[in-house]
Amino acid sequence: MSAKTSSGGEEEASGMRNETLGEAKRRQVIRVAYVIAALDLTLLFMQMGVMPYLAKSLGLDSVGFGYLQTIFGVLQLVGGYVFGRFADQFGARAALILSCASGSIFFLLMSLSTSIPLLFLSRLPGVFMHGIPGAQKVITDVTTPTQRAGALGKLGLCFGVGIIAGSAMGGVLSTKFGIYVPAYVGLVGSLINTVIAMVWIPSQTKPKSDHHTTEHSRSQSGSLFSIREILRLMKFPGVMEVFIVKVFAGLPIGLFMIMFSIISMDFFGLEAVQSGYLMSYFGVLQMVVQGLVVGKLASHCTEMTLLRLSVFVFAGVGLGMALMRTVWHYCIIAVPLVFAFSMLATITDSILTKAVPSSDTGAMLGICASVQPLTRTVGPTIGGVLYKQFGVSSFGYLQLMVNLGLFVYLLKSKIPLGEMKSQ
């Protein structure tokens with residue numbers, strides 16, 4: 001398909017988006033998606049802050065807690081793509097309802113976890129808890145390609161709200177009212193999210209021209225999990241190259257963040273309260289960067305330029321991490337770190353959803369959402385070895401080398417980003 005034909009087809013589909021929902025309705029749906037994402041992340045960070053204390057109160061040691069985290073990571077890893085395929089086949093609204101309902105079951109089981117087996121059982125609904133990919137799917141369906149990067153970028157504001165509010169709520173509720181109270185609050189919050197998705201997200205968010213492609217996608221493969229389908233998506237022009245950059249550019253810093261609870265105590269000498277302040281600082285940075293920087297840059301620069309910029313900044317962050325000695329150094333490094341992390345996530349998601357047919361955007365977002373669970377699954381082992389054998393600076397040097405290699409690769413390669421969605 002020629003670029004001209006692709007562009008014309010995309011413009012026609014964009015017009016039908018506005019015809020299907022209307023501009024005012026489209027903006028309302030996007031705002032509702034932000035609300036659902038913000039509440040979902042708040043509840044997620046709330047339970048993350050409480051979970052170590054709940055596990056300890058039940059007699060689970062550090063090794064057992066590691067197994068608990070690994071199980072959750074594996075479930076999220078497997079469920080990410082399945083959730084995306086579900087969204088493609090049954091719609092973004094059904095997928096969001098599934099995610100919120102799974103969250104309700106998750107918190108219900110957590111509130112009933114009076115023994116270690118029940119605590120492990122409570123992790124199972126995590127396989128379908130994908131509020132952010134669900135919100136991304138809604139936004140992808142109702143936005144045009146030129147609007148997409150900015151709209152997806154604003155989800156970072158929800159991430160900042162989740163870090164700040166969730167961390168604070170978890171600590172306050174568990175300390176003042178009991179260790180199980182955050183689970184009760186999470187249950188109520190997830191039920192509210194479910195109702196919001198049912199009432200305010202329309203049953204059909206795709207443009208009319210895409211309806212037949214959804215039906216074709218259903219008949220193409222009845223299975224929600226298919227290796228063949230994943231390989232098919234990776235064969236679209238530019239998808240494999242951009243996905244490789246997405247995975248490896250943030251991998252070293254992902255390993256560092258997994259080990260951060262230990263590093264903050266051993267290397268920086270922080271107490272629990274001080275670590276909480278540091279997380280809040282990250283949340284504020286995330287909100288500022290996503291709200292004021294990413295969207296503006298996305299509207300003025302090409303996606304390839306921003307992709308190269310994020311990788312280059314990541315390389316500089318690696319050098320800073322290799323040389324840092326105090327928590328104040330880390331606070332300074334955190335500014336470009338959050339910028340690069342936010343820009344990379346937003347731009348790669350935008351590129352990848354444009355590079356595949358509209359009937360496959362959910363599956364593509366699901367694959368993207370599996371990157372972090374993959375890091376959480378393998379991270380404790382790899383990160384532990386790096387930290388124990390080579391120290392904190394090893395994360396920085398690895399970050400520097402990997403991203404310098406990726407930056408050279410992006411400069412020399414001709415990744416086709418001009419492809420529009422086509423069937």
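Start by selecting F120: with a relative accessibility of 22%, this residue counts as partly exposed, a class that lies between buried (under 20% relative accessible area) and exposed (over 50%), using a 1.4 Å probe and protein chains only. F120 sits in helix α5, residues 116-121. Helices here are DSSP runs of H or I with at least four residues, strands are runs of E with at least two, and both are numbered from the N terminus.

Before moving on, a word on what you have open. This is a predicted model, in which local features need pLDDT of at least 70 and side-chain atom pairs count only at pLDDT 80 or more, while totals for chains, interfaces and linings use all residues. Residues are numbered from 1 along each chain as its sequence is written, and side-chain values use heavy atoms, with hydrogens and water left out.

**Around F120**

Which residues does F120 touch, leaving aside those up to four places away in sequence? Show L60, G64, Y67, L68 and I71; contact means heavy atoms within 4.5 Å. Then add M110, 10 residues from F120 in sequence, with a C-alpha to C-alpha distance of 9.1 Å.

**α2 beside α4**

M110 also belongs to the next stop, as one of the α4 residues in contact with α2. Select α2 (residues 23-57) and α4 (residues 92-111), whose axes are 12 Å apart and make an angle of about 25°. Axes are lines fitted to C-alpha atoms, for helices over the stretch in contact, and angles run from 0 to 180 degrees between N-to-C directions. The two helices are therefore roughly parallel, the term for angles under 35 degrees, with over 145 being roughly antiparallel, 65 to 115 roughly perpendicular and the rest oblique. Their crossing is left-handed: the near helix is turned anticlockwise from the far one by less than a right angle, whereas clockwise would make it right-handed.

To see the contact, display I36, L43, M46, Q47, V50, M51 and L54 on α2, and L96, C100, F106, F107 and M110 on α4. By class, that gives 11 nonpolar, one polar and no charged residues. Nonpolar covers Ala, Val, Leu, Ile, Met, Phe, Trp, Tyr, Cys and Pro; charged covers Asp, Glu, Lys and Arg; the others, Gly among them, are polar.

**H130, then α6 and α7**

Is H130 buried or exposed? Find it in the loop between α5 and α6; at 3% relative accessibility, H130 counts as buried. Its contacts, beyond four places in sequence, are Q76, G79, G80, F83 and S99.

Now select α6 (residues 131-142) and α7 (residues 145-153), with axes that come within 9 Å and cross at roughly 155°. That makes α6 and α7 roughly antiparallel, and the crossing is right-handed. Look for Q136, I139 and T140 of α6 against R148, A151 and L152 of α7.

**On to α17**

Keep α7 and add α17 (residues 327-355): the angle is about 145°, with axes 9 Å apart. From α7 come P145, R148, A149, L152 and G153, and from α17 T346, I347, D349, S350, T353 and K354. This contact has four nonpolar, four polar and three charged residues.

**Last stops**

In α8, buried residues include G156, G160, I163 and L173. Just after α8, G178 has a positive phi of about 125°.

Finally, zoom out: the chain has 20 helices and zero strands, and 53% of its 423 residues count as buried.
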